There are 2 protein chains.
Amino acid sequence: MREDKEIKKHCPCVSEIITRRLSLYLRCLLMVNREGDEYISSRELAKRFHLNADQIRKDLSYFGTFGKRGVGYNIEAIVVKLKEVLGLTHVYNVVIAGAGNLGIALADYPRINRDSFKIVALLDRDNRKVGTKTKTGIPIYHISELEEKIEELNVRMGIITVPVDAAQNIADRFVESGIRGIMNFAPVRIQVPPYIKTISADFKSQLEVLAYYVSKLM
Amino acid sequence: MREDKEIKKHCPCVSEIITRRLSLYLRCLLMVNREGDEYISSRELAKRFHLNADQIRKDLSYFGTFGKRGVGYNIEAIVVKLKEVLGLTHVYNVVIAGAGNLGIALADYPRINRDSFKIVALLDRDNRKVGTKTKTGIPIYHISELEEKIEELNVRMGIITVPVDAAQNIADRFVESGIRGIMNFAPVRIQVPPYIKTISADFKSQLEVLAYYVSKLM
């Protein structure tokens, strides 16, 4: 109950859509920053990354004003603020259940395992994989060690890449072990308590959405 | 210009959010159908797959009424209708640019390569991979053959899993070769003409959205 109230207090302040935009602005600003620029206007930012300048101004205005007339936004100041708002001021340890092609691809995917996220373990039931490491050095443990590793490695986020019929069981075990955010690649809707955030990344469903648009053009 | 008008005529009728829901209903109904049931009520469907019964009734009512009072929906009739609405009545040939871990994982991912989608080729610049096939038998061609393969294999949808700095070039080549729907896994926003539909599947950005929620619970 206490947990439920906590969520009501915090979560509605930024919707998922806005969160996605803020995450995108952060990515773009970090790119600009790496090139050495200190300031950027909403118009330049919009032009360069094909965004909407009015939307940028509106979104960023929620978090105080950093824009100077004629100069633009102080990039470092917004980056700090965006990271704070997005909860990216510390590192999240992440486990991946399922060390198939996809699990391994995710674990080794460039740029995932940097800054705010650290993929600390893959878990699989295939004994031939258990005890080995991915190319970038992420260890694969047996799926029976899931609870133990989540506690030991202080994990709060989990990725599911196991087959459909194992997905709900993994989700249950994730939740019971203290994981609070789940990214699910299995093409099935998993059931979790209301205080757990899930993101579904079902490729086939995304392809179907594309197909809808493409079919109208043929 | 003609193309633009065509889109205006067709596309606004079902929004992306509804399309995603319809795609999900289709998945659920196909599962129920495989078990041999002929009818299902919106309430049962909602309960079983954790959906909203009112929403189901509302969404499906757009496409005519298939529900019988006390019996429910005729599953086969809705499946046919949903496939028609979603443009899934024929097979889409798909190419994947980038035969790294992710490209290969996608090509071999269970259930993607079935029904409405056929991944016909991977394209890569690594000569060691060119000429080989994935586990499920999808051939890998040299990236220089992209235009040729798209035409030869009658491809209208493309998936980008190349590194960030190559993504825009691939998108341009896709569009020029006649591809109309792009699923982009590179963590960058690609620029395409307005009549091209793109879906961004940037993992890191999705993890950041998760992090936002998880951070509120810690």
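## Close-ups of a predicted two-chain model

**View 1. The crossing of α6(A) and α6(B) is left-handed**. In a left-handed crossing the near helix is turned anticlockwise from the far one by less than a right angle, while clockwise would make it right-handed. This is a predicted model, where local features need pLDDT of at least 70 and side-chain atom pairs count only at pLDDT 80 or more, but totals for chains, interfaces and linings use all residues. Residues are numbered from 1 along each chain as its sequence is written, with chains lettered from A and ligands numbered from 1 in the order in which they are written.

Both helices cover residues 101–108 of their chains, and their axes come within 8 Å and cross at roughly 160 degrees. That angle makes α6(A) roughly antiparallel to α6(B) (over 145 degrees is roughly antiparallel, under 35 roughly parallel, 65 to 115 roughly perpendicular, and the rest oblique). From α6(A), the residues making the contact are A:N101, A:L102, A:I104, A:A105 and A:D108, and from α6(B) they are B:N101, B:L102, B:I104, B:A105 and B:D108. Contact here is C-beta to C-beta within 7 Å, with those atoms placed from the backbone. Axes are lines fitted to C-alpha atoms, for helices over the stretch in contact, with angles from 0 to 180 degrees between N-to-C directions. Helices (H or I, at least four residues) and strands (E, at least two) are DSSP runs, numbered from the N terminus.

**View 2. Helix α9(A) meets α2(B) across the two chains**. Here α9(A) spans residues 203–216, and its axis comes within 9 Å of the α2(B) axis, with a crossing of roughly 125 degrees. The two helices are therefore oblique to each other. Look for a right-handed crossing of α9(A) and α2(B). On the α9(A) side, the contact is made by A:S205, A:E208, A:V209 and A:Y212. B:E16, B:T19, B:R20, B:S23, B:L24 and B:R27 make it from α2(B).

**View 3. The side of chain B that touches chain A**. In this pairing, 55 residues of chain B are in contact with 55 residues of chain A. The chain B elements that give two or more residues to this side are the helices α1 (2–10), α2 (16–34), α6 and α9 (203–216), plus the strands β7 (155–160), β8 (181–184) and β9 (197–200). With 14 residues, α9(B) gives the most.

**View 4. The open sheet of chain B, with six strands**. Follow the strands of chain B in the order β6-β5-β4-β7-β8-β9, with parallel pairing. Strands pair if DSSP finds at least two bridges between them. The ends of that order, β6 and β9 of chain B, are edge strands with a single partner strand each, so one side of each has no neighbour in the sheet. From one strand to the next, the twist averages 25 degrees.

**View 5. Strand β5(B) between its partners, β4(B) and β6(B)**. Strand β5 of chain B (residues 117–124) is mostly covered, with seven of its eight residues buried. A residue is buried with 20 or more other C-beta atoms within 10 Å of its own, exposed with 12 or fewer, and partly exposed in between. To one partner, β4(B) (residues 92–97), there are six bridges in the parallel sense. One place to zoom in is B:A97, whose bridge partner in β5(B) is B:L123. To the other partner, β6(B) (residues 140–142), β5(B) is joined by three bridges, again in parallel. There, B:L122 has B:I140 as its bridge partner.

**View 6. B:S42 and its surroundings in helix α3(B)**. B:S42 belongs to α3 of chain B, which covers residues 42–49. B:S42 counts as buried because 21 C-beta neighbours sit inside 10 Å. Setting aside neighbours within four places in sequence, the residues in contact with B:S42 are B:A53, B:I56 and B:R57. For another landmark, try B:K68: B:S42 is 26 residues away from it in sequence and 11 Å away in space, C-alpha to C-alpha.

**View 7. Chain A as a backdrop, with nine helices and nine strands**. The C-alpha trace of chain A spans about 60 × 50 × 40 Å along its principal axes. Chain A has 218 residues, and 39% of them count as buried. Taking contacts in chain A between residues at least 6 apart in sequence, 54% join residues at least 24 apart.

Terms used
Two residues are in contact if their C-beta atoms, placed from the backbone, lie within 7 Å.
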